[in-house]
Amino acid sequence: MIINTNAEQRKILRKKIRQQRRALSPQNQSCASKKLQYQLLKIINKNQHRFKNKLIRIGTYKAGDGEISTAYFEKKTSSRRIEFLFPIIQKNKTLYFGKKIRNKFPRSNMYKIPEPLKEQQTHVNDLDILLLPLVAATRKGTRLGMGGGFYDRTLARIKKPGPLLIGIAHDLQIISDIPEEPWDKPINYIATDKQIIICRS
Ligand SMILES: Nc1ncnc2c1ncn2[C@@H]1O[C@H](COP(=O)(O)OP(=O)(O)OP(=O)(O)O)[C@@H](O)[C@H]1O
Ligand SMILES: [Mg+2]
């Protein structure tokens with residue numbers, strides 16, 4: 001059987017790479033999360049001029065399905081002027097972002113992913129940085145997510161300059177080719193446990 005549609009190829013890639021990241025040991029996951037924080041700090045330091053000494057608002061995510069976790073980065077930057085916000089799925093399948101309450105998520109969404117409350121949720125344009133969990137990406141910044149299009153729809157609503165877009169992944173999730181779709185929006189950086197990739201500065 002010849003597989004030739006983009007959608008089919010993307011589906012196969014997703015399945016394969018999700019399996020690979022889920023197979024990482026807890027030790028490997030924890031080590032990767034620790035290393036990731038240094039790459040993220042480097043990107044923030046390089047882009048200080050964008051944040052102008054104000055509170056930096058970072059949209060992040062709660063890791064699941066073998067995703068590399070930003071938890072160490074959150075913990076280690078807790079003394080800095082950084083605020084972390086987590087995705088809240090809207091009826092129109094876009095994402096807004098909100099804070100945890102007393103370091104906890106008060107509810108879960110329809111995918112059983114813990115979520116902040118919708119009161120005082122923040123539009124993507126009001127973030128300084130958005131960390132996008134990747135299933136896979138290429139070095140030029142083509143992004144493959146979980147397939148829901150939630151991040152794609154959210155990126156489509158960004159008005160320039162918008163937040164700095166940083167895709168986050170384990171190094172094994174960086175691959176040579178992903179079939180592109182017309183709605184794909186480029187990201188600025190990819191940060192993994194091993195490297196920073198500049199896609200568009
Ligand atoms: N700007 C958009 N407006 C409406 N629908 C969109 C938009 N962008 C993508 N979609 C839809 O989302 C679906 C999934 O897209 P895609 O395969 O790129 O998901 P993904 O990038 O893996 O997911 P995510 O964006 O949640 O990480 C597609 O059916 C596509 O039509
Ligand atoms: Mg997409």
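These exercises work through a predicted model of one chain with a bound ligand.

**Exercise 1. Overall shape**

Decide whether the radius of gyration of the chain agrees with that of a compact globule.

Solution.
- Start with the expectation. For 201 residues, a compact globule would have a radius of gyration near 17 Å.
- Now the chain. Its radius of gyration is 16 Å, so the two agree.
- Add the box. Along the principal axes, the C-alpha atoms fill roughly 55 × 35 × 35 Å.
- Check the burial. Of the 201 residues, 48% count as buried.
- Check the contacts. Among those with a separation of 6 or more, 71% join residues 24 or more positions apart.
- Finish with the surface. The accessible area is about 11,100 Å², and 52% of it belongs to carbon and sulfur atoms.
- The secondary structure behind this comes to five helices and 11 strands.

**Exercise 2. The shell around ligand 1**

Describe the residues around ligand 1 by position and by class.

Solution.
- Count the shell. There are 14 residues around ligand 1.
- Pick out the nearest. These are Arg-10, Arg-14, Arg-143, Asp-152 and Trp-183.
- Sort by class. Five residues are nonpolar, four are polar and five are charged.
- Assign helices. Helix 1 (6–22) and helix 5 (150–156) each supply at least two shell residues.
- Rank the sources. Helix 5 gives the largest share, five residues.

**Exercise 3. Polar atoms and cover at ligand 1**

Find polar contacts of ligand 1 with Gly-147, Gly-149 and Arg-153, using a cut-off of 3.5 Å between N or O atoms.

Solution.
- Take the backbone first. A polar backbone atom of Gly-147 is 2.9 Å from an oxygen atom of ligand 1.
- Gly-149 also uses a backbone N or O atom, 3.0 Å from a ligand oxygen.
- Then the side chain. An N or O atom of Arg-153 lies 3.4 Å from a nitrogen atom of ligand 1.
- Now the cover. On its own, ligand 1 has 650 Å² of accessible area, and the protein covers 73% of that.

**Exercise 4. Two residues compared with the burial cut-off**

Classify Gln-173 and Ile-89 as buried or exposed, and list what each touches.

Solution.
- Place Gln-173. This residue is in the loop between strand 9 (164–168) and strand 10 (189–191).
- Apply the cut-off. Gln-173 has 1% relative accessibility, so it counts as buried; the limit is under 20%.
- Look at the polar side chain. One of its polar atoms lies 2.7 Å from the backbone nitrogen of His-170.
- List contacts beyond four places in sequence. Gln-173 touches residues including Ile-17, Arg-21 and Leu-134.
- Turn to Ile-89, in strand 2 (residues 82–89). Its relative accessibility is 13%, so Ile-89 is also buried.
- Its contacts beyond four places include Thr-94, Tyr-111 and Phe-150.
- Compare sequence with space. Ile-89 and Met-110 are 21 residues apart, with C-alpha atoms 9.0 Å apart.

**Exercise 5. Backbone geometry**

Explain why Lys-160 to Pro-161, Asp-65 and Lys-93 deserve a look.

Solution.
- Recall the background. Most residues other than glycine have a negative phi, and most peptide bonds are trans.
- The bond from Lys-160 to Pro-161 is cis, with omega near 5 degrees. Pro-161 sits in the loop between helix 5 and strand 9.
- Phi of Asp-65 is positive, near 60 degrees. Asp-65 is in the loop between strand 1 (56–59) and helix 4 (71–76). At 23% relative accessibility, it is partly exposed.
- Lys-93 has a positive phi of about 65 degrees. Its loop runs between strand 2 and strand 3 (95–98). With 43% relative accessibility, Lys-93 is partly exposed.

Methods:
Residues are numbered from 1 along each chain as its sequence is written. Chains are lettered from A and ligands numbered from 1 in the order in which they are written. This is a predicted model: local features need pLDDT of at least 70, side-chain atom pairs count only at pLDDT 80 or more; totals for chains, interfaces and linings use all residues. Side-chain values use heavy atoms; hydrogens and water are left out. A residue is near a molecule or strand if one of its heavy atoms lies within 4 Å of it. A polar contact is a pair of N or O atoms within 3.5 Å; within protein, one must be able to donate a hydrogen and the other to accept it, and residues adjacent in sequence count only if both atoms are side-chain atoms. Accessible areas come from the Shrake-Rupley method with a 1.4 Å probe; for residues, only the protein chains shown count as cover. Helices (H or I, at least four residues) and strands (E, at least two) are DSSP runs, numbered from the N terminus. Ala, Val, Leu, Ile, Met, Phe, Trp, Tyr, Cys and Pro count as nonpolar, Asp, Glu, Lys and Arg as charged, and the others, Gly among them, as polar. The radius of gyration is taken over C-alpha atoms; the globule rule is 2.2 Å times the number of residues to the power 0.38. Buried means under 20% relative accessible area, exposed over 50%, partly exposed in between (1.4 Å probe, protein chains only). Contact means heavy atoms within 4.5 Å.
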